[in-house]
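Hi,

Here is the structure I promised to pass on to you. Have a look at it first, and then read on for what I found.

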Amino acid sequence: MTLLVAKSGNIRPTSAQWTRNDLDFLVRRYSAMPTRRHFLISFVATPIVLPRLGHAAAASVELPLTANCGDDDDLTPAQTEGPYFTPESPEKKDFASDSPGGERMTLIGYVLTKDCQPVEKALIELWHADETGTYDNSGYKLRGHQFTDAEGKWWFETIVPGLYPGRTRHYHVKVQRPGGNVLTTQLYFADEPDNRRDRMFNADLLLDIKTTSDGKFGRYDFIVA
């Protein structure tokens, strides 16, 4: 399989390697949001211990894994892409400016293999509804992709999606390691009343969410073949 075709954009940082300039950029960008900045910079700057990775970490913020790697049966579950996927999305990390009225949400995580090895340059594609539950089907608002760094890390700045009729609150995601198959799935919020009524809902796809003074911070680690 080849990587999904996607348009390139100019969003910083674009390199698979995080540099000191990238970290300084994050500090400046989030200087008015100390709580989420603390979470994000801790994640970006410091390796977090993962099973079988063979290196230690001293992260000041620890978020538990949202999936277990090391078992052939523990791949991230696939789900339908739904009716509103748009191909050839731009490369970007900042979705929040597409919907300035929404509640801020930082999404982070790893892409890992079944034996817990980080996947570099894996494609992560994200799309979702705005705060009113509406999808942009004529452009690329709240749609985009990025690639993981050398440690398999990815992150987006976005908003909490609104409720779409008949569905619980969710994000749509595609993940593809270089040369691998495309994983299409969805990510969910815990304690949503509509989780019980949504036939698509899968508790294995719950984000690990922290509430901060300036929004939410969620993590999910994808385990791919």
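Which residue of E5 does Ile 124 stand opposite? The residue facing Ile 124 there is Val 175. I will use that pair as a way into the sheet, but first a word on the whole chain. Please keep in mind that this is a predicted model.

The overall picture

The protein has two helices and nine strands. Reading from the N terminus, the order of elements is α-α-β-β-β-β-β-β-β-β-β. Of its 225 residues, 52% count as buried. The accessible surface is about 10300 Å², and carbon and sulfur atoms make up 49% of that. Taking the contacts between residues at least 6 apart in sequence, 72% are between residues at least 24 apart.

The sheet around E2

Back to Ile 124 and its neighbours. Four strands make up an open sheet, ordered E3-E2-E5-E6, with antiparallel pairing. E3 and E6 are the edge strands, each of them pairing on one side only. From one strand to the next, the twist averages 20°.

E2 pairs with E3, which spans residues 143-147, through five bridges in the antiparallel sense. Five bridges also link E2 to E5, and these two strands run antiparallel as well. Ile 124 shows both pairings nicely: its bridge partner in E3 is Gln 146, while in E5 it stands opposite Val 175. A little further along, Leu 126 has Val 173 as its bridge partner in E5.

E2 is mostly covered, with five of its five residues buried. That holds for both faces: Leu 123, Glu 125 and Trp 127 are buried on one side, and Ile 124 and Leu 126 are buried on the other.

The nonpolar core

In soluble globular proteins, nonpolar side chains tend to be buried together. The largest nonpolar core here has 25 residues, and the members that touch the most others are Leu 107, Val 111, Tyr 171, Val 175, Leu 207 and Phe 222. Strands that give two or more residues to this core are E1 (104-112), E2 (123-127), E4 (153-159), E5 (170-176) and E6 (182-188). Val 175 thus turns up again: it is the residue opposite Ile 124, and it is among the core members with the most contacts to other members.

Two residues of E5

Two more residues in E5 may be worth a look on your screen. Tyr 171 sits in this strand, and it counts as buried because its relative accessibility is 0%, under the 20% cut-off. Its side chain reaches the backbone oxygen of Ile 159 at 2.8 Å. Tyr 171 is also 7.3 Å from Pro 161, C-alpha to C-alpha, with the two being 10 residues apart in sequence.

Gln 176 belongs to E5 too. Is this glutamine, Gln 176, buried or exposed? With a relative accessible area of 0%, Gln 176 is buried. A polar atom of its side chain lies 3.0 Å from the backbone oxygen of Gly 180. So that you can find both contacts quickly, look for Tyr 171 with the backbone oxygen of Ile 159, and for Gln 176 with the backbone oxygen of Gly 180.

That is all from my side for now. I look forward to hearing what you make of it.

Best wishes

How values were computed. Residues numbered from 1 in each chain as written. Predicted model: local features only at pLDDT ≥ 70, side-chain atom pairs only at ≥ 80, totals over all residues. Heavy atoms only, no water. Core = buried A, V, L, I, M, F, W, Y, C linked by side-chain atoms within 4.5 Å. Buried < 20%, exposed > 50% of the residue type's maximum accessible area, 1.4 Å probe, protein only. Polar contact = N/O pair within 3.5 Å; in protein donor to acceptor, adjacent residues only side chain to side chain. Contact = heavy atoms within 4.5 Å. Areas by Shrake-Rupley, 256 points an atom, 1.4 Å probe, with all protein chains shown as cover. Pairing = 2+ DSSP bridges. Axes fitted to C-alpha atoms, helices over the stretch in contact; angles between N-to-C directions.
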